[in-house]
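Dear colleague,

I am handing over the structure we spoke about, and it is placed just below so that you can have it open while you read. My notes on what was found follow after it.

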Amino acid sequence: MLRSLKDLERYTITATDGDVGLVVNFLFDDQHWTVRHLVADTGGYFGGHQVLISPISFRNADWANQRLHVGLTREMIKRSPGVNTDKPFSRQHESEYYSYYGYPYYWGYSNIWGMSDDASLLAGGPALASPVGNSNHAPFDVHLRSVNEVRGYHIRGSDGALGHVHDFIVDDRTWQIRYLIIDTSNWWLGKKVLLAPSWATSVSWVNQAVDIQMSRDAIKRCPEWDPTEGVNHEYEMRLYDYYGRPAYWTAPTPPSTHPL
């Protein structure tokens with residue numbers, strides 16, 4: 001199911017022996033636009049510092065009660081490597097995190113999560129050799145980016161500014177970001193539209209901007225997104241048909257090749 005990341009903030013992370021804290025942020029990789037970690041604020045549990053929780057550790061989600069259950073103990077989480085979301089999280093740092101939990105590496109393989117598109121299937125699986133440093137696999141300069149940082153990035157179209165990044169729509173099975181929610185209120189009636197990250201021609205992390213080869217007129221006429229209705233398959237079909245783009249559910253999406 002597709003969900004807004006804003007809607008998942010403040011969800012409770014529950015370990016096998018009790019609550020850990022609340023979701024306050026997300027880290028996604030800047031090559032495949034997939035959420036790799038949730039950032040949980042531990043509040044009064046562990047002195048108030050933040051910890052990373054990978055979707056690999058998820059066991060079940062209680063969407064009705066806004067609670068995510070993980071197959072980790074509170075002590076394991078307490079002793080996990082620290083995180084500073086004010087800086088890009090490098091592949092080297094992520095390797096340390098994966099080594100701590102004994103997770104097999106996901107990067108450098110054909111699917112989103114190593115040998116699978118389902119993160120939870122990596123838990124308890126055989127260790128995969130790290131492709132880090134191997135020229136045939138993922139390079140060191142892939143970083144994890146903070147969702148809170150990227151909210152507010154400018155969207156630049158072919159003939160002017162289109163708006164800014166308001167939020168993200170994520171697939172709660174693969175944790176891949178399917179859409180950027182774009183707020184156009186700075187230039188046209190406050191309409192919110194959805195754009196797939198793969199449609200971007202470039203992203204400037206330094207200038208905090210995303211470039212898309214679409215005109216303002218094309219954005220004005222695109223199917224408007226109603227946040228109260230979420231994202232359903234009928235709307236997605238209309239959206240992809242309008243833009244004349246191949247739908248992600250009909251063919252595999254190739255890895256991004258534009259400079260991130």
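Why does Arg67 count as partly exposed? This is a predicted model, and in it Arg67 has a relative accessible area of 25%, which falls between the cut-offs of under 20% for buried and over 50% for exposed, and therefore Arg67 is classed as partly exposed. The residue lies in strand β7, which covers residues 67-70, and its side chain makes a polar contact of 2.7 Å with the side chain of Asp19. Apart from neighbours within four places in sequence, Arg67 is in contact with Tyr11, Thr12, Thr14, Asp19, Asn60, Ala61 and Asp62, while its C-alpha atom is separated by 9.1 Å from that of Leu22, 45 residues away along the chain.

As for the chain as a whole, its 260 residues include 51% that count as buried, and the secondary structure consists of six helices and 15 strands. Of the contacts between residues at least 6 apart in sequence, 56% join residues at least 24 apart. The exposed area is about 12000 Å², with 48% of it supplied by carbon and sulfur atoms.

The largest nonpolar core has 78 residues, among which Leu38, Ile77 and Tyr179 touch the most other members; strand β3 (residues 18-29) contributes the largest share of this core, namely six residues. Leu38, setting aside residues up to four places away, touches a list that includes Ile13, Val23, Phe26, Val51, Leu68 and Trp175.

The aromatic residues may also interest you, since 25 aromatic pairs were found in the whole structure. Phe28 and Phe168 form a tilted pair, 6.0 Å centre to centre with 45 degrees between the planes, and this pair links strand β3 to strand β11 (residues 160-171) across 140 residues of the chain; Phe28 and Phe168 are both buried. Tyr98 and Tyr103, by contrast, form an edge-to-face pair at 5.6 Å and 75 degrees, and these two tyrosines are buried as well. One aromatic cluster includes Tyr98 and Tyr103 together with Tyr97, Tyr100, Tyr101, Tyr105, Tyr106, Trp107 and Trp113.

Finally, a word on confidence: the chain averages a pLDDT of 86, and 88% of the residues score at least 70. Over residues 127-140, however, the pLDDT is below 50, and this stretch has 28 contacts in the model beyond near neighbours in sequence. Residues 253-260 likewise stay under 50, with 17 contacts beyond four places in sequence.

With best wishes

Key:
Residues are numbered from 1 along each chain as its sequence is written. This is a predicted model: local features need pLDDT of at least 70, side-chain atom pairs count only at pLDDT 80 or more; totals for chains, interfaces and linings use all residues. Side-chain values use heavy atoms; hydrogens and water are left out. A nonpolar core is a set of buried Ala, Val, Leu, Ile, Met, Phe, Trp, Tyr and Cys residues joined through side-chain atoms within 4.5 Å. Buried means under 20% relative accessible area, exposed over 50%, partly exposed in between (1.4 Å probe, protein chains only). Helices (H or I, at least four residues) and strands (E, at least two) are DSSP runs, numbered from the N terminus. Contact means heavy atoms within 4.5 Å. A polar contact is a pair of N or O atoms within 3.5 Å; within protein, one must be able to donate a hydrogen and the other to accept it, and residues adjacent in sequence count only if both atoms are side-chain atoms. Accessible areas come from the Shrake-Rupley method with a 1.4 Å probe; for residues, only the protein chains shown count as cover. pLDDT is the predictor's confidence in each residue, from 0 to 100. Rings of Phe, Tyr and Trp (its six-membered ring) pair if their centres lie within 6.5 Å; planes under 30 degrees apart count as stacked, over 60 as edge-to-face and the rest as tilted.
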